[in-house]
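User: Please examine the spaces in and around this fold closely, and describe the part of the chain that surrounds them. A connected account would serve me better than a list.

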Amino acid sequence: MTETDIPRRSIGAVTVLVPDYQEAIDYFVGTLGFTLVEDTRLSEEKRWVLVSPGAGTCLLMAKAKGERQSAAVGDQSGGRVFLFLTTADFWRDYLTYMSRGVEFQQEPRHEEYGIVAVFTDKFGNRWDLIQRESK
C-alpha cells in the first residue's frame with residue numbers, strides 16, 4: 001500500500017458541552033455567525049445539533065448531563081485555548097464580534113503565524129480568532 005492508497009481522513013465534528021441546545025444554537029449561529037447544519041431530535045432529551053463556521057470541522061452541541069459534564073461546560077480544555085477559529089478577514093470578524101458583545105481577553109496582536117486575539121464564548125470556552133500569515 002502506497003501513501004496515495006491511504007484514504008484521506010478528517011475530523012468531522014468536535015463535541016462542545018453546553019447547558020442548553022437552543023441557547024447554544026442562538027449563540028453560535030446568532031452571535032458568531034455559524035451555520036446550523038443539523039438539528040435532529042434523537043429522544044425526548046437528546047438532539048444531534050451540528051454547527052459550522054462555514055468550512056471544515058463542525059461543532060456538535062452536547063447538552064451536559066449529570067454533575068461531571070455540567071462542571072466541564074466552558075472548561076473542556078482546563079483553561080487553555082480550546083478552539084481555533086481561522087478567518088480570511090480578522091478585522092471584519094473581530095469588529096463584528098465586538099459589536100455583538102463577544103468578550104475578548106486581550107487586544108489583537110501580531111505573532112509569527114499571523115494576527116490573533118483570544119475570546120471567551122458564552123459558556124466559558126477560550127478561542128483564538130486567527131488570520132494566518134501568507135507564506
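Analyst: Helices here are DSSP runs of H or I with at least four residues, strands are runs of E with at least two, and both are numbered from the N terminus. The model is predicted, so local features were kept only at pLDDT of at least 70 and side-chain atom pairs only at pLDDT 80 or more, whereas totals for chains, interfaces and linings use all residues. Numbering starts from 1 along each chain as its sequence is written, and side-chain values rest on heavy atoms, without hydrogens or water.

The largest pocket (an open set of points on a 1 Å grid over the protein atoms alone, with protein on both sides within 12 Å along at least five of seven lines) has a volume of about 300 Å³, taken as the space filled by probe spheres set on points joined across faces, edges and corners. It is lined by 14 residues (those with an atom within 4 Å of a point), and Y21, E45, K46, K63 and K65 are the closest to its centre. Two elements, β3 (47–52) and β4 (58–63), give two or more residues to this lining. The largest share, four residues, belongs to β4. By class, the lining holds eight nonpolar, one polar and five charged residues, where Ala, Val, Leu, Ile, Met, Phe, Trp, Tyr, Cys and Pro are nonpolar, Asp, Glu, Lys and Arg charged, and the others, Gly among them, polar.

In the second largest pocket there is about 240 Å³ of space. Thirteen residues line the second largest pocket, and P53, A55, T57, F84 and L85 lie nearest its centre. Here strand β5 (residues 81–86) supplies the largest share, four residues. The lining of this second pocket has nine nonpolar and four polar residues, but no charged ones.

One cavity of 30 Å³ or more is present, a cavity being a set of points where a 1.4 Å probe fits but cannot get out. The largest cavity encloses about 40 Å³. Its lining runs through G74, D75, Q76, S77, G78, G79, R80 and F82, and is completed by G124, N125 and R126. Of these lining residues, one is nonpolar, seven are polar and three are charged. Two of them, N125 and R126, are in contact (heavy atoms within 4.5 Å) with T120, a residue of strand β8. T120 counts as buried because its relative accessible area is 19%, and buried means under 20%, exposed over 50% and partly exposed in between, with a 1.4 Å probe and protein chains only.

Y21, one of the residues closest to the centre of the largest pocket, is also buried in helix α1 (residues 21–31), together with A24, I25, Y27, F28 and T31. With five residues, α1 gives the most to the largest nonpolar core, a set of buried Ala, Val, Leu, Ile, Met, Phe, Trp, Tyr and Cys residues joined through side-chain atoms within 4.5 Å. Of the 31 residues in this core, F28, F34, L59 and M61 touch the most other members. Beyond its neighbours within four places in sequence, L59 is in contact with V14, V16, F28, F34, V49, L50, V51, L83 and W127.

Just after α1, G33 takes a positive phi of about 80 degrees. Ten residues along the chain from G33 is S43, and their C-alpha atoms are 27 Å apart. S43 sits in the loop between β2 (35–41) and β3, and it counts as partly exposed because its relative accessibility is 35%.
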